[in-house]
Amino acid sequence: MTDLTPQAAADRIAQLAKTRRVDSYPESSGSRSGTSWRTQTFDRPPPMKPSPLSVERTTVDQVAYRVKAAKFPDRHLARAVADEHDNSQWCDKFAKVTSLINKGSLLIFCGPNGNGKTQMGVSLGLVVCRSNRRVRYVKGSGYIDALTATYGGGDGPSTETVKDRFSSYDLLIWDEAHVALRSDHQTEESRLLIDRRYDAKRTTILITNTAPEALDKVFGTYLTDRANECGGVVEFDWPSFRSHQR
């Protein structure tokens, strides 16, 4: 037997990310039944004498788990796995931003609809998943909604559990982040999450259709100053790709 080729690994990631159930596994990096999931595949015990191929497949299964748990949009995930992009400006930005995703950065992707902001976020997320680290994609008020669901008590996770979970992802991709800033309470909770992630040196990507000149008004100078300090504002200033797809 031979090791999986990179293309075969990518194909398997794509396949398993679509089909493997992950709802029975914890989002945390802790153990399951007293055994770290990092030492085993998810649907069968590890072989007694793993061959190079079985070790490689175990790694691919782990990456597939990370991809599925990240909750990427299916459309953008398929394009990210294909790893094809013919816009040179997009590719140049991607190459530059890739060097920042492991440095506890705060990045703000801004610009009009349809020019690849979400696609870049998901593509970066896939890079992090391939290194077997935890990623989460959330859209709009998704984080605020998760917090609000805990306020009534009940059998679900506590408010602190939700805050801890979103604080702990190695990469958080927050699409349409401006939607989560519609009240003072939402703005404060969002700021506190970004603060916790900043203190823990975990990278956060905020994606917005807000124009660069309006970022201070929408997000506040506090967040834009922090982005300029430890990441940057990435402007997507080319025409929409959607107009070329019609």
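**Helix α8, two cores and a small cavity**

E189 sits in helix α8, which covers residues 184-199; helices (H or I, at least four residues) and strands (E, at least two) are DSSP runs numbered from the N terminus. The model is a predicted one, so local features were taken only at pLDDT of at least 70 and side-chain atom pairs only at pLDDT 80 or more, while totals for chains, interfaces and linings use all residues. Residues are numbered from 1 along each chain as its sequence is written, and side-chain values rest on heavy atoms, with hydrogens and water left out.

Although it carries a charged side chain by the grouping used here (Asp, Glu, Lys and Arg as charged; Ala, Val, Leu, Ile, Met, Phe, Trp, Tyr, Cys and Pro as nonpolar; the others, Gly among them, as polar), E189 is buried, with a relative accessible area of 11%. Buried here means under 20% relative accessible area, exposed means over 50%, and partly exposed is in between, with a 1.4 Å probe and protein chains only. Leaving out residues up to four places away in sequence, E189 touches Y143, I144, L147, Y151 and K163, where contact means heavy atoms within 4.5 Å.

As for the chain as a whole, it has ten helices and seven strands. Of its 246 residues, 45% are buried. Contacts between residues at least 6 apart in sequence reach far along the chain: 80% of them join residues at least 24 apart. The accessible surface comes to about 12900 Å², with 49% of it belonging to carbon and sulfur atoms; areas come from the Shrake-Rupley method with a 1.4 Å probe, and for residues only the protein chains shown count as cover.

Then there is the packing inside. In soluble globular proteins, nonpolar side chains tend to be buried together. A nonpolar core is taken as a set of buried Ala, Val, Leu, Ile, Met, Phe, Trp, Tyr and Cys residues joined through side-chain atoms within 4.5 Å. The largest such core has 28 residues, and F72, F109, L124 and V135 touch the most other members. Two or more residues come from each of α2 (52-70), α3 (74-82), α4 (88-98), β3 (106-110), α5 (117-130), β4 (135-139), β5 (171-175) and β6 (203-208). Helix α5 gives the most, with six residues. Apart from this core lies another, of 23 residues, including F166, Y169, W174 and L206.

L124 belongs to helix α5 and, at 0% relative accessibility, counts as buried. Beyond its neighbours within four places in sequence, L124 is in contact with F94, V97, T98, I101, F109, L171 and I205. With T98, 26 residues apart along the chain, the C-alpha separation is 6.7 Å.

C110, in strand β3, is likewise at 0% relative accessibility and counts as buried. Its contacts, not counting residues up to four places away in sequence, are K117, T208, T210, P212, L215, V233, V234, E235 and F236. V234 is 124 residues from C110 along the chain, yet their C-alpha atoms are separated by 6.3 Å. K103 is found in the loop between α4 and β3, and K103 is exposed, with a relative accessible area of 58%. The C-alpha atoms of K103 and G231, 128 residues apart along the chain, are separated by 8.5 Å.

Two loop residues have backbone angles worth a look. Most residues other than glycine have a negative phi. K71, in the loop between α2 and α3, has instead a positive phi of about 65 degrees; at 47% relative accessibility, K71 counts as partly exposed. N132, in the loop between α5 and β4, also has a positive phi of about 65 degrees without being a glycine.

Finally, the empty space. Rolling a probe the size of a water molecule over the atoms shows where empty space is left. A cavity is a set of points, on a 1 Å grid over the protein atoms alone, where a 1.4 Å probe fits but cannot get out, and its lining residues have an atom within 4 Å of a point. Grid points are joined across faces, edges and corners, and a volume is the space filled by probe spheres set on the points. Three cavities of 30 Å³ or more turn up in the structure. The second largest holds about 40 Å³ and is lined by W174, A177, L181, S190, I194, L206, F219 and L223. That lining divides into seven nonpolar residues, one polar and no charged. Two of the lining residues, W174 and L206, are also among the members of the 23-residue core.

Technical notes:
On a 1 Å grid over the protein atoms alone, a cavity is a set of points where a 1.4 Å probe fits but cannot get out, and a pocket is an open set with protein on both sides within 12 Å along at least five of seven lines; lining residues have an atom within 4 Å of a point.
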